[in-house]
Amino acid sequence: MSVGSTKASATACAGAVLIVEDDDEMRSLLVSLVQALGFKNVTPLGRLEPALRQLEYQVFSMAIVDLNLGDQDGVSLIAAIRKNPRPEICRIPVLVASTASTGSRIRDSIQAGADAFLSKPFSIANLKRQIDFACTKAAARPANSTSRTSQPRSHNSTQDVVELY
């Protein structure tokens, strides 16, 4: 699939994208791929605290978060986003992109409020598919929601979680 053919629906939540990834090369790659999908305003950060501060000053239409942020955990960032009382923060779609793709880490991410999970390494087609999924899921949240309102579905096995997300 060419990059050009992926642009049309990847802008379901067009606007600014926050990328929180501690690895410089992966952060740079994510910026390039997200821009190739049609997102022009991308803010790449490598740590949890600057990301939390940036969320207070800029409106984002999506966040892409790594779970392993050095000595920090991306699940904490996801939980902080969902607990924020401001609707423009707590309702943004959150996509996890991580090598930490065990069933328990996926479950932790989803329970904290992630909308979708993307295991590294990934293709641009899979990135696009998960962005679309996260944006669609977030758009289905009630407009008056000020926090994460739906609980994750219960799953019978790790395989169910991996297949869903």
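Let's start at arginine 27, whose contacts, once we set aside neighbours within four places in sequence, are Ile19, Glu21, Asp22, Pro44, Leu45 and Gly46. Please keep in mind as we go that we are looking at a predicted model. Arginine 27 belongs to helix H2, residues 24-36. Is this arginine buried or exposed? With a relative accessible area of 16%, arginine 27 counts as buried, because the cut-off for buried is under 20%. Its side chain also has a partner in the helix: a polar contact of 2.5 Å joins arginine 27 to the side chain of aspartate 24.

Let's stay with H2 for a moment. The helix has 13 residues, and from its first C-alpha to its last it reaches 18 Å, close to the 18 Å expected at 1.5 Å a residue. Which residues of H2 are buried? They are Met26, Arg27, Leu30, Val31, Leu33 and Val34. These buried residues pack against S1, strand S2 (42-45), S3 and helix H7 (124-139).

Now have a look at the two ends of H2. At the N-terminal end, aspartate 23 acts as a cap, with a side-chain oxygen 3.2 Å from the backbone nitrogen of glutamate 25. After the helix comes glycine 38, and its phi is positive, near 110 degrees. As background, most residues other than glycine have a negative phi.

From the helix, let's move to the strands. S1 covers residues 17-20, and its side chains alternate: Val17 and Ile19 point one way, Leu18 and Val20 point the other way, and all are buried. S1 has two strand partners to show you. With S2, S1 pairs in the parallel sense over 4 bridges, and there valine 20 stands opposite leucine 45. With S3, S1 also runs parallel, joined by 4 bridges. In that pairing, methionine 62 of S3 is the bridge partner of valine 17.

S3 itself, residues 62-65, is worth a stop. Met62 and Ile64 point one way and Ala63 and Val65 the other, and all of these are buried. Which strand does S3 meet through 3 bridges? That is S6, residues 94-98, and the two run parallel. Here alanine 63 sits opposite valine 94.

That valine takes us to the packing. The largest nonpolar core has 27 residues, and those with the most contacts inside it are Leu18, Leu77, Ile81 and Val94. Two or more residues each come from S1, helix H3 (48-57), S3, H4, S6 and H6. Which element gives the most to this core? It is H4, with 5 residues. Apart from this core lies another, of 22 residues, and among them are Val31, Val42, Ile64 and Phe122.

So what does H4 look like? This helix spans residues 74-83 and is mostly covered, with 7 of its 10 residues buried. Those buried residues are Gly74, Val75, Leu77, Ile78, Ala79, Ile81 and Arg82. If you zoom in on isoleucine 81, leaving out neighbours within four places in sequence, you will find contacts with Leu55, Ala63, Ile89, Cys90, Ile92 and Val94.

Next, a polar residue on the inside. Serine 109 sits in helix H6, residues 103-112. How much of serine 109 is accessible? Its relative accessible area is 0%, so serine 109 is buried. Not counting residues up to four places away in sequence, serine 109 touches Leu67, Val75, Ile78, Val96, Ala114 and Phe117. Two of the residues in that list, Val75 and Ile78, are also among the buried residues of H4.

There is one backbone detail I would like you to see. The peptide bond from lysine 120 to proline 121 is cis, with omega near -5 degrees. In general, most peptide bonds are trans. Where is proline 121? You will find this proline in the loop between strand S7 (116-119) and H7.

Let me finish by stepping back to the whole protein. There are 8 helices and 7 strands. Of the 165 residues, 49% count as buried. Taking contacts between residues at least 6 apart in sequence, 68% join residues at least 24 apart. The accessible surface comes to about 7700 Å², and 51% of this surface belongs to carbon and sulfur atoms.

Note on methods: Residues numbered from 1 in each chain as written. Predicted model: local features only at pLDDT ≥ 70, side-chain atom pairs only at ≥ 80, totals over all residues. Heavy atoms only, no water. Buried < 20%, exposed > 50% of the residue type's maximum accessible area, 1.4 Å probe, protein only. Pairing = 2+ DSSP bridges. Contact = heavy atoms within 4.5 Å. Areas by Shrake-Rupley, 256 points an atom, 1.4 Å probe, with all protein chains shown as cover. Core = buried A, V, L, I, M, F, W, Y, C linked by side-chain atoms within 4.5 Å. Polar contact = N/O pair within 3.5 Å; in protein donor to acceptor, adjacent residues only side chain to side chain. Expected span 1.5 Å × (residues − 1).
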